[in-house]
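Here is a short note to read beside the model. Keep the sequence open and check each point as you go.

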Amino acid sequence: MTTATETGRLASLLRWLGLTMILVLLLQMIAVLVGVDWSAGAARPQITRPLVALAPLGFIGLLTCLIGSRLETLQQRTTPLRVLVCVLSTLLAIGMLVTVPMPSHKDTGEASNAQNLEQGRAAVKDARAFRKDPKKVALLGEQLAQAGQLTVEATAEDKQRAAETMIDEQIAQMEAQITQVESQQTREYRQRLIGVTTTAIVLAIAFVLLALTAVI
């Protein structure tokens with residue numbers, strides 16, 4: 001049978017273990033805030049991802065403190081430590097909901113990648129417009145012939161087909177690159193939706209339940 005002394009020692013150990021994990025959480029959060037480039041436009045992802053990654057550590061630390069407090073004072077409902085657990089759990093729940101918004105496709109990736117994608121789409125549009133202009137296509141065919149990419153006996157139709165083939169190949173390559181970038185953005189969006197936003201919502205619910213448990 002477990003004696004009251006052993007229970008008290010276990011409760012004290014759990015309490016200090018939980019407080020240690022909370023202290024580690026606070027130190028890690030300070031390190032994240034210090035390392036954020038606040039002048040950059042993408043400061044939010046620099047905060048949200050580490051915060052969601054560190055939140056389980058805080059949950060385990062608070063839960064450990066609460067278990068230690070329950071073991072130490074079974075009859076007393078409200079203690080300073082339980083109030084602290086309730087307050088910190090509430091703050092972390094609010095942080096999960098406020099700091100992590102619903103992501104969008106526009107938020108995925110860097111601004112430079114989005115700009116390159118728009119430039120690629122504009123280039124495809126220009127290439128298609130070029131393809132529909134017979135004069136420009138014929139001029140390109142002449143340039144290919146002068147560059148030695150066609151035989152001397154090449155007719156105007158041969159030059160036309162060669163120019164059209166070249167343009168079509170370039171359009172196909174650009175469209176393939178755009179499709180690849182869009183697929184990558186979609187994967188990153190789904191990864192952020194599940195790994196960050198959904199996780200933050202689940203953690204927020206867990207912190208709310210923990211806060212209620214601390215005072216009930």
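The points below go from the overall fold to single helices, then to charged pairs and a surface patch.

1. **What you are looking at.** This is a predicted model, in which local features need pLDDT of at least 70, side-chain atom pairs count only at pLDDT 80 or more, and totals for chains, interfaces and linings use all residues. Residues are numbered from 1 along each chain as its sequence is written, and side-chain values use heavy atoms, with hydrogens and water left out.

2. **Overall fold.** The protein chain has six helices and zero strands. Helices (H or I, at least four residues) and strands (E, at least two) are DSSP runs, numbered from the N terminus. Along the sequence the pattern reads α-α-α-α-α-α. The chain has 216 residues, and 29% of them count as buried. Buried means under 20% relative accessible area, exposed means over 50%, and partly exposed lies in between (1.4 Å probe, protein chains only).

3. **Helix H3.** H3 holds 20 residues. From first C-alpha to last it reaches 28 Å, close to the 28 Å expected at 1.5 Å a residue. The expected span is 1.5 Å times one less than the number of residues. The buried residues of H3 include Leu81, Val85 and Leu92. Arg82 and Ser89 are also on the buried list.

4. **Helix H5: length and faces.** H5 covers residues 134-146, which is 13 residues. Its end C-alpha atoms are 18 Å apart, and that agrees with the expected 18 Å. Which residues of H5 are buried? They are Val137, Leu140, Gly141 and Leu144. Seen down the axis, these buried residues fall within an arc of 105 degrees, so they line one face of the helix. The arc is taken from the directions that run from the helix axis to the C-beta atoms. On the other side of H5, Lys135, Leu139 and Gln146 are exposed.

5. **Helix H5: its ends.** Aspartate 133 caps the N-terminal end of H5. One of its side-chain oxygens lies 3.1 Å from the backbone nitrogen of lysine 135. This is a polar contact (a pair of N or O atoms within 3.5 Å; within protein, one must be able to donate a hydrogen and the other to accept it, and residues adjacent in sequence count only if both atoms are side-chain atoms). After H5 comes glycine 148, with a positive phi near 85 degrees.

6. **Salt bridges between H4 and H6.** The structure holds seven salt bridges. A salt bridge is a side-chain nitrogen of Lys or Arg within 4 Å of a carboxyl oxygen of Asp or Glu. In one of them, arginine 128 meets glutamate 175 at 2.0 Å, N to O. The pair links distant parts of the chain: arginine 128 is in helix H4 (residues 111-131), and glutamate 175 is in helix H6, 47 residues apart. Arginine 131 and glutamate 164 also form a salt bridge, at 3.8 Å, N to O. Arginine 131 lies in H4 and glutamate 164 in H6, so this pair ties together parts that are 33 residues apart in sequence.

7. **A bridge within H6, and a network.** Arginine 161 and aspartate 158 meet in a salt bridge of 2.4 Å, N to O. Why are they about one helical turn apart? Because they are three residues apart in helix H6. Arginine 161 is partly exposed at 46% relative accessibility, and aspartate 158 is partly exposed at 27%. Elsewhere, Glu118, Arg121 and Glu182 are linked in a network of salt bridges.

8. **A nonpolar patch.** A nonpolar surface patch of about 920 Å² includes Ile94, Leu97, Ile201 and Leu212. Helices H3 (80-99) and H6 (156-215) are the elements that give two or more residues to it. H6 gives the most, with six residues. Patches are made of residues with over 30% relative accessible area and no salt bridge: like charges are joined within 9 Å, nonpolar side chains (Val, Leu, Ile, Met, Phe, Trp, Tyr) within 5 Å. Accessible areas come from the Shrake-Rupley method with a 1.4 Å probe; for residues, only the protein chains shown count as cover. Isoleucine 201 is in H6, and its relative accessible area of 39% makes it partly exposed.

9. **A long-range neighbour.** Alanine 206 also sits in H6. Its C-alpha atom is 9.7 Å from that of proline 56, although the two residues are 150 apart along the chain. Alanine 206 is partly exposed, at 21% relative accessibility.
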